[in-house]
Amino acid sequence: MTNLLRRYPLPTIVLAQLFGTSLWFSVNGVWLSLAREAGLTEGDLGRLTLAVQAGFIAGTLGIAITGLADRFGASRIFAVSCTLGALANAGFMAVASQPPLDFLFRFLTGLCLAGIYPLGMKLVIAWTPRYAGAALAWLVGMLTLGTALPHMMRGVTLGLPWEWPLGVASCLAATGGVLVLRLGDGPHLPKISGRLPLRQGLAALGRPRFLAVAGGYFGHMWELYAFWTLVPLLTGRELQRLGAGEAWVPWLSFAVIGVGAAGCIAGGWLSRTLGSAWVARRALMLSGAVCLSYPWLGGWSPLFLMALLVVWGIAVVADSPQFSALAAEAAPRESVGASLAVMNAVGFGLTLPAIWLTSGLWESLGVWVLVVLVPGPVLGLWSLGRVRLAPTGPGAQA
């Protein structure tokens, strides 16, 4: 089996990434059933989602500052993180209606995800360095599909207890860990560099081009995870207006979020000829336009608005791998890892107030809460426009 996995390293890594990141929004996928049974509100949904984000931020900074990924094999950290994340996700089932224990277990899940997503990137570079750009698009695509997967699992297990999809997510994560452990670290791992002081990552922010890219990424992150958090509420609203049953909510939520994987892959393909800057700008423009217009179109046909949500799902994440590629190109060569770690940590930090605001105000504002997200793509586009970016890819043009 090991030889087979090493013959196809990229499919193995992206499949493990899909399985591992199914833990991320596992609670969101069963939210309607869980809220009804435990008496939880939309504010509680935001609180539990924030716990995962906070855990991920803490874990990412910890790995970056301590140099943990350089001291131990990436495949081992990935496997251990998948196993512990599966246990934390399963443990949530026992404390789902017992704050603050429910928050703690979701925080621990996020902490473990910091050893899955970033380490997946390192494994891609270790196994396929010549195709890292295109492979990164696949990896972010699998993160997106993994985020959507709990909604599909809830659709499949509808009528069964809400614990079933969470149990399946834990089993998938553990399987992903085994796959990567059997695969190993790869022949092209970067040289061990020890600790990565935070000041090295902060130094990159003094470079105008890196700062412009980081600003675009920060605007993108303000919108992305808050939108993903709201997807079950948005689809539920349109289905209610349509007079359709609640059973369709997980399936439509899976479609709206999961279609973003196709956006990532298509964006990666386009970036090879048009450049990462071109893709990032157009995706941010499209998602921002939908974000701004959706509340004003709230009275239109539910079918039209559901189609608009699908368009939003494609555009909102298609720029994510391109921002990583642009940031890596603009960062100082000697501190690319630390620079990206700081950028990611700040970006995920911005998801916390965005999620808190939108989920907390949903009950009183409904779709008009989306106005809170508009500054993200607007400021992101402004930041990208401040400095002319050198496009990546042959024949690219910004």
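This report covers one pocket, one helix and two cysteines in a predicted model.

**The second largest pocket**

The second largest pocket holds about 380 Å³ of space. Its lining has 18 residues, and those closest to the centre are L32, E42, L233, G236 and E246. Two elements each give two or more residues to this lining: helix 4 (31–38) and helix 13 (208–242). Helix 13 gives the most, with 6 residues. By class, the lining has 10 nonpolar residues, 4 polar and 4 charged.

**Helix 11**

Helix 11 covers residues 163–183, 21 residues in total. At 1.5 Å a residue, the helix should span 30 Å. Its end C-alpha atoms lie 31 Å apart, so the expected span and the model agree. The buried residues of helix 11 are P165, L166, A169, S170, L172, A173, G176, G177, L179, V180 and L183. G184 follows the helix, with a positive phi near 95 degrees.

**Cysteines**

A search of the whole structure finds 0 disulfides. A disulfide needs two cysteine sulfur atoms within 2.5 Å. The sulfur of C112 is the nearest cysteine sulfur to that of C82, yet it is 9.0 Å away, so C82 is in no disulfide. The reverse holds for C112: its nearest cysteine sulfur is that of C82, at 9.0 Å. The table adds the burial of both residues.

| Residue | Relative accessible area | Class |
|---|---|---|
| C82 | 0% | buried |
| C112 | 12% | buried |

Buried here means under 20% relative accessible area. C82, at 0%, therefore counts as buried. C112 is buried too, at 12%.

How values were computed: Residues numbered from 1 in each chain as written. Predicted model: local features only at pLDDT ≥ 70, side-chain atom pairs only at ≥ 80, totals over all residues. Heavy atoms only, no water. 1 Å grid on protein atoms, 1.4 Å probe; cavity = no way out; pocket = protein on both sides within 12 Å on 5 of 7 lines; lining within 4 Å. Points joined across faces, edges and corners; volume = space filled by probe spheres on them. Helix = DSSP H or I, 4+ residues; strand = E, 2+ residues; numbered from the N terminus. Nonpolar A, V, L, I, M, F, W, Y, C, P; charged D, E, K, R; others polar. Expected span 1.5 Å × (residues − 1). Buried < 20%, exposed > 50% of the residue type's maximum accessible area, 1.4 Å probe, protein only.
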